[in-house]
Amino acid sequence: MLLNKRPENMQRINTPELAEQFIAEQTKAIRAQVGDKKVLLALSGGVDSSVVAALLIRAIGKQLICVHVNHGLMRKGESEQVIEVFRNQMDANLIYVDATDRFLDLLAGVEEPERKRKIIGGEFIKVFDEEARKLEGISFLAQGTIYPDILESDGVKAHHNVGGLPEEMQFELVEPIRLLFKDEVRVVGDALGLPANMVYRQPFPGPGLGVRCLGAITRDRLAALRESDAILREEFDNAGLTSKVWQFFTVIPDFRSTGVRGGKRVFDWPVIIRAVNTVDAMTATVPEIEFSILRRIADRILAEVPGVCRVLYDLSPKGPATIEWE
């Protein structure tokens with residue numbers, strides 16, 4: 001029976017040695033639970049699902065079947081990294097589903113943020129369900145549950161879609177990191193050899209860029225959002241800010257602003273830079289970024305991203321603002 005409470009004497013995993021010990025223990029436990037059966041995992045590319053995938057590959061190899069659904073709302077290079085790391089480097093049994101058109105067609109003209117979230121979450125479950133039904137002999141469903149999920153939501157981690165799968169599928173759960181805190185998961189990810197930018201990936205909303213492309217999502221504005229976000233991340237990396245700022249991203253609102261390009265008036269989008277520091281995400285402060293860094297980011301976005309004529313820096317703390325815009 002799986003524990004729902006972390007033992008009081010459980011040692012915190014904060015060194016490579018303790019991580020290796022945990023990996024050895026879980027490898028043994030996974031093999032005992034699964035036997036020669038197959039395990040299905042929704043692999044988003046986030047920290048938790050990636051660590052679970054790497055751990056299960058270590059334990060049972062090709063018995064694990066990973067499904068990565070690209071809903072078209074990923075950040076630049078994320079789906080490509082999942083394929084490179086898990087299929088090409090770890091030789092995982094990986095199914096890649098490019099459902100971009102399917103999601104964006106459903107989202108066309110939808111402005112209300114909560115409706116967008118429901119469409120994205122609901123369709124993700126449908127796609128994953130369809131892929132699961134194509135497979136035979138699946139007895140287990142792996143899930144990236146971590147200890148805060150148990151404390152906050154009775155162990156059901158909705159964005160891994162367990163709660164949305166049909167009951168008749170009757171999967172038994174495999175949750176090897178369910179008693180770990182996020183910082184411990186990262187130590188284990190390091191020990192498993194996952195790339196640093198995957199292990200230390202920033203919090204990313206379940207609907208992805210769908211809640212940062214404000215209002216009704218359009219393909220051209222989504223493309224501009226993805227490119228501006230990539231520039232921001234690259235420049236923060238270059239400036240040594242990635243490990244110092246808790247979360248940073250760009251936002252593009254659903255309106256245009258007057259600009260001048262090539263001596264002619266244009267009506268293009270503004271790009272908003274959002275960066276925050278926080279301990280618990282309940283409140284957040286805005287870091288002071290050197291103006292020379294902000295100016296370099298703005299120069300690159302204006303020069304490299306089509307359809308953009310302004311770059312703004314959001315100075316609003318949480319509260320009264322929230323971290324995300326939608």
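Partly exposed residues are those between the buried limit, under 20% relative accessible area, and the exposed limit, over 50%. The legends below describe close-up views of a predicted model.

**Figure 1. Ala 281 in the loop between β8 and α10.** At 24% relative accessibility, Ala 281 falls in the partly exposed class. Its loop runs between β8 (264-276) and α10 (291-304). Ala 281 has a positive phi of about 70° although it is not a glycine. Most residues other than glycine have a negative phi.

**Figure 2. Asp 91 in the loop between α3 and β3.** Asp 91, which is not a glycine, also adopts a positive phi, of about 55°. The strand that borders this loop, β3, covers residues 93-98.

**Figure 3. Cis peptide bonds in the segment after β9.** The bond from Lys 318 to Gly 319 is cis, with omega near -10°. The bond from Gly 319 to Pro 320 is cis as well, with omega near 15°. Gly 319 belongs to the segment that follows β9 (308-313), and Pro 320 is likewise placed in the segment after β9. Most peptide bonds are trans.

**Figure 4. The crossing of helices α1 and α2.** Two packed helices are described by the angle between their axes and the distance between the axes. The axes of α1 (residues 16-34) and α2 (residues 47-60) come within 9 Å and cross at roughly 65°. The crossing is right-handed. On the α1 side, the contact includes Phe 22, Ile 23, Ile 30 and Val 34; on the α2 side, Leu 55, Leu 56 and Ile 60 are among the residues met. The residues of this contact divide into eight nonpolar, two polar and three charged.

**Figure 5. The aromatic pair of Tyr 147 and Phe 181.** Two aromatic pairs are found in a search of the whole structure. In this one, the rings are arranged edge-to-face, at 5.4 Å centre to centre with 90° between the planes. Tyr 147 lies in helix α6 (residues 147-153) and Phe 181 in the loop between β5 (172-174) and α7 (182-191), so the pair ties together parts that are 34 residues apart in sequence. Tyr 147 is buried, with a relative accessible area of 9%, whereas Phe 181 is partly exposed at 26%.

**Figure 6. The aromatic pair of Phe 236 and Phe 248.** These rings form a tilted pair, at 4.4 Å centre to centre with 40° between the planes. The pair links distant parts of the chain, with Phe 236 in helix α9 (residues 219-238) and Phe 248 in strand β6 (residues 247-251), twelve residues apart. Phe 236 is buried at 0% relative accessible area, and Phe 248 is buried at 2%.

**Figure 7. Arginines over phenylalanine rings.** Arg 75 lies over the face of Phe 204, at 4.0 Å from the ring centre. Arg 212 is placed over the face of Phe 249, at 3.8 Å from the ring centre.

**Figure 8. The surroundings of Ser 79 and Asp 220.** Ser 79, in helix α3 (residues 78-89), is buried, with a relative accessible area of 3%. Beyond residues up to four places away in sequence, Ser 79 touches His 68, Asn 70, Met 74 and Tyr 96. Asp 220, in helix α9, is partly exposed at 42%. Leaving aside neighbours within four places in sequence, Asp 220 contacts Arg 256 and Trp 269. The C-alpha atoms of Asp 220 and Gly 307 are separated by 8.4 Å, although these residues are 87 residues apart along the chain.

Conventions
Residues numbered from 1 in each chain as written. Predicted model: local features only at pLDDT ≥ 70, side-chain atom pairs only at ≥ 80, totals over all residues. Heavy atoms only, no water. Axes fitted to C-alpha atoms, helices over the stretch in contact; angles between N-to-C directions. Helix = DSSP H or I, 4+ residues; strand = E, 2+ residues; numbered from the N terminus. Left-handed = near helix turned anticlockwise from the far one by under 90°. Contact = heavy atoms within 4.5 Å. Nonpolar A, V, L, I, M, F, W, Y, C, P; charged D, E, K, R; others polar. Phe/Tyr/Trp six-rings, centres within 6.5 Å; stacked < 30°, edge-to-face > 60°. Buried < 20%, exposed > 50% of the residue type's maximum accessible area, 1.4 Å probe, protein only. Lys NZ or Arg CZ within 6 Å of the ring centre and 35° of its normal.
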